[in-house]
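Dear colleague,

Please find below the structure I agreed to pass on to you, followed by an account of what was found in it. I would be grateful if you read the account with the structure open.

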Amino acid sequence: NAMLSYGDQIIGAGNATWTTTDNPFRDHPIIRVSSELRFESGAFITAHDLEFRFGPNAVLTIEEGAQFNCFDCTFINTCPETMWKGIRVEGDRYDPMQDDTHQGQLRLFQSTVAGARTGVWCAREVAPGVAHPSYGGGAVRAYDCTFRNCIVGARVEGYHRFDAQDVELPNISYFTDCVFETTDTWTTDN
């Protein structure tokens, strides 16, 4: 099985289900990303059993209004000696309800994120480690997942959600039955 490497890939608006034999990456079960895989607003993608391998400084970005649902997927660095940036879930901090229209949505089920500087970050990164103040509110919901050998497993920027009576509600991001771990193979490329 040949390994294909993709530079910037933009997934536009629309609904799709990706599997190991039916996806936009020539139907390969292993997808290598050398720079960015971006889901634009309006994209609603569900992936099953895929492995995404990221080059140094590569990133997966979910724009506000996009949703990426992953079942038994792996997100990992291509080279064990170098880390990738991780997954960014953008939102609109001025949307008080944290709804799907204005917030990026990432849902992980029995999936693994490994070897990233920040496994999942609900923000738009404008410089290394610096979030744009207007793009908080993106949501990640992880169920029975593993975050392995990431400098930061998950980072959710400040966001306040309110109901119609101006009562503050909890953020809709959560991690249920997840494991955050480092192993003896953990490395940082600082």
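The model is a predicted one. To begin with charged side chains, in what kind of contact do the side chains of Arg 148 and Glu 181 meet? They form a salt bridge, with an N to O distance of 2.6 Å. Arg 148 belongs to strand 18 and Glu 181 to strand 23 (residues 179-181), so this contact ties together parts that are 33 residues apart in sequence. Arg 148 is partly exposed at 28% relative accessibility, and Glu 181 is partly exposed with a relative accessible area of 28%.

Salt bridges

By the rule applied, there are seven salt bridges. One of them joins Arg 38 to Glu 63, whose closest N and O atoms are 3.0 Å apart. Arg 38 is found in strand 5 (residues 36-39), whereas Glu 63 sits in the loop between strand 8 (59-62) and strand 9, so the pair connects parts that are 25 residues apart in sequence. Arg 38 has a relative accessibility of 18% and counts as buried; Glu 63, at 18% relative accessibility, also counts as buried. The cut-off that matters for both is 20%, since buried means under that value. Glu 36 joins Arg 38 and Glu 63 in a network of salt bridges.

A further salt bridge links Glu 157 with Arg 155, and the closest N and O atoms there are 2.7 Å apart. Glu 157 is partly exposed, with a relative accessible area of 22%, and Arg 155 is partly exposed, with 29%.

Aromatic pairs

The count of aromatic pairs comes to 14. In the pair of Phe 52 and Phe 68, the ring centres are 6.1 Å apart and the planes stand at 85 degrees, so the arrangement is edge-to-face; the cut-off for that class is over 60 degrees. Phe 52 lies in strand 7 (residues 51-54) and Phe 68 in strand 9 (residues 67-71), so the two rings tie together parts that are 16 residues apart in sequence. Both residues are buried: Phe 52 has a relative accessible area of 0%, and Phe 68 has 1%.

Strand 9 also contributes Phe 71 to a pair with Phe 109 of strand 12 (residues 105-109), so parts that are 38 residues apart in sequence are tied together. Here the ring centres are 4.4 Å apart and the planes are at 5 degrees, so the pair is stacked. Phe 71 is partly exposed at 26% relative accessibility, whereas Phe 109 is buried at 19%.

Phe 52 and Phe 68 also belong to one aromatic cluster, which includes Trp 18, Phe 25, Phe 39 and Phe 75 as well.

Backbone at two loop residues

Which backbone angles deserve a second look? Most residues other than glycine have a negative phi. Asp 72, however, has a phi near 55 degrees, which is positive. Asp 72 is placed in the loop between strand 9 and strand 10 (74-77) and is partly exposed, at 41% relative accessibility. Gln 110 likewise has a positive phi, near 45 degrees. Gln 110 is located in the loop between strand 12 and strand 13 (112-114), and its relative accessible area of 38% makes it partly exposed.

Cysteines

How many disulfides does a search of the whole structure find? The result is zero. For Cys 70, the closest cysteine sulfur is that of Cys 73, at 4.7 Å, which is too far for a bond; a disulfide would need the two sulfur atoms within 2.5 Å. Cys 70 is buried, with a relative accessible area of 0%. For Cys 178, the closest cysteine sulfur is in Cys 145, and this distance of 4.7 Å is too far for a bond.

Surface

Finally, Ile 151, Val 152 and Trp 186 make up a nonpolar patch on the surface, and together they have about 250 Å² of accessible area. Ile 151 is positioned in the loop between strand 18 (146-148) and strand 19 (152-156), and at 43% relative accessibility it counts as partly exposed.

With kind regards

Conventions
Residues numbered from 1 in each chain as written. Predicted model: local features only at pLDDT ≥ 70, side-chain atom pairs only at ≥ 80, totals over all residues. Heavy atoms only, no water. Phe/Tyr/Trp six-rings, centres within 6.5 Å; stacked < 30°, edge-to-face > 60°. Helix = DSSP H or I, 4+ residues; strand = E, 2+ residues; numbered from the N terminus. Buried < 20%, exposed > 50% of the residue type's maximum accessible area, 1.4 Å probe, protein only. Patch = residues over 30% accessible without salt bridge, like charges linked within 9 Å, V, L, I, M, F, W, Y side chains within 5 Å. Areas by Shrake-Rupley, 256 points an atom, 1.4 Å probe, with all protein chains shown as cover. Salt bridge = Lys/Arg side-chain N within 4 Å of Asp/Glu carboxyl O.
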